[in-house]
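User: I'm new to reading protein models. Could you walk me through one, feature by feature?

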Amino acid sequence: MAKKKVKVGNDVFTVLLTEQQIQKRIRALARTISKDYRRTTPIMLCILNGAVFFYGDLLRNLSIESEVAFLSLSSYGSKKHSSGKVKLKSPLPRVLRHRDVIVVEDIVDSGNTLDYLEKALRKLKVRSQCVVSLLYKHENTKRRKYLKYVGFNIPSDFVIGYGLDIAQKCRTLRDIYRLDNSKS
Ligand code: 5GP
Ligand code: MG
């Protein structure tokens, strides 16, 4: 059972999505992606660190062959708001060239990360690209056409759990929690 509230310092978080809701939605996303990509073997590009659990669960639910690749990016630092600057912490894997790439993200907030990646992948000459994001803060930015699959549309509040951290903490919570006192 999900804990109803989680306290981190002075911040109180309340359950937004339970493990059961998350897993059910991931199975549905995996079915859709498996159908759409049945004629090809996509490379699934995991955006570290936040997407790590979503990535594992999504890939194991795919009924098609897929290959793995990883990319370390950061835009949040240790704050609760996006810095706006996307930093590549490792080079873009060359194996993505001429392949069908599915970027696996934890959450889309300002959309800066998506825009940055879209350009970088285009420059690398991938065959096709799209993004699957578990969460999308739909009030914050207009939906990009390459954001093809979304798990949940959520409000703009800061969220943690299931890979998402607050200053590197709380990633291993199985449920997703939203900040109650969203002043900070
Ligand atoms: P964007 O570039 O779309 O503003 O944000 C991209 C990254 O910021 C996400 O991949 C995620 O790592 C981080 N991020 C955005 N919103 C949240 C949030 O509510 N909680 C946490 N922990 N990270 C977030
Ligand atoms: Mg991310």
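Analyst: Sure, let's go through the ligand site, the metal site, a helix and a single residue. Keep in mind that this is a predicted model.

User: Which residues are closest to ligand 1, and how many surround it?

Analyst: To read a binding site, start with who is around the ligand. Here 18 residues surround ligand 1, and the closest are Ser110, Thr113, Lys137, Val159 and Asp165. By class, that shell has 6 nonpolar, 6 polar and 6 charged residues.

User: What polar atoms lie by the oxygen atoms of ligand 1?

Analyst: The idea is to look for pairs of N or O atoms within 3.5 Å. In the side chain of Lys137, an N or O atom is 2.8 Å from an oxygen of ligand 1. The backbone joins in too: an N or O atom of Gly111 lies 2.9 Å from a ligand oxygen, and a polar backbone atom of Ile107 is 3.4 Å from one. As for cover, ligand 1 has 510 Å² of accessible area on its own, and the protein covers 92% of that.

User: Which elements give two or more residues to the shell around ligand 1?

Analyst: Those are strand S6 (100-108) and helix H3 (112-124). S6 gives the most, with 4 residues.

User: Which residues coordinate the magnesium ion?

Analyst: For a metal, look for the donor atoms around it. The magnesium ion, ligand 2, is coordinated by Glu105 through OE and Asp106 through OD, at 2.4 Å.

User: Are Glu105 and Asp106 buried or exposed?

Analyst: Both Glu105 and Asp106 are buried.

User: How do I read a helix such as H2, and which of its residues are buried?

Analyst: A handy rule first: an α-helix has 3.6 residues a turn, so residues three or four places apart point the same way. In helix H2, residues 52-61, the buried ones are Phe54, Tyr55, Asp57, Leu58 and Leu59. Their cover includes helix H1 (19-36) and strands S3 (43-48), S4 (67-74), S6 and S7 (128-137).

User: Why does Leu124 count as buried?

Analyst: Buried means under 20% relative accessible area. Leu124 counts as buried because its relative accessibility is 8%. You'll find Leu124 in helix H3.

User: What is Leu124 in contact with, beyond its neighbours within four places in sequence?

Analyst: Leu124 is in contact with Leu92, Pro93, Arg94, Leu96 and Arg97. Sequence separation and spatial distance are two separate things to check. Leu124 and Leu135 are 11 residues apart in sequence, and their C-alpha atoms are 26 Å apart in space.

Methods
Residues numbered from 1 in each chain as written. Chains lettered and ligands numbered in written order. Predicted model: local features only at pLDDT ≥ 70, side-chain atom pairs only at ≥ 80, totals over all residues. Heavy atoms only, no water. Near = heavy atom within 4 Å. Polar contact = N/O pair within 3.5 Å; in protein donor to acceptor, adjacent residues only side chain to side chain. Areas by Shrake-Rupley, 256 points an atom, 1.4 Å probe, with all protein chains shown as cover. Nonpolar A, V, L, I, M, F, W, Y, C, P; charged D, E, K, R; others polar. Donors = N, O, S within 2.8 Å, 3.2 Å for Na, K, Ca; no water. Buried < 20%, exposed > 50% of the residue type's maximum accessible area, 1.4 Å probe, protein only. Contact = heavy atoms within 4.5 Å.
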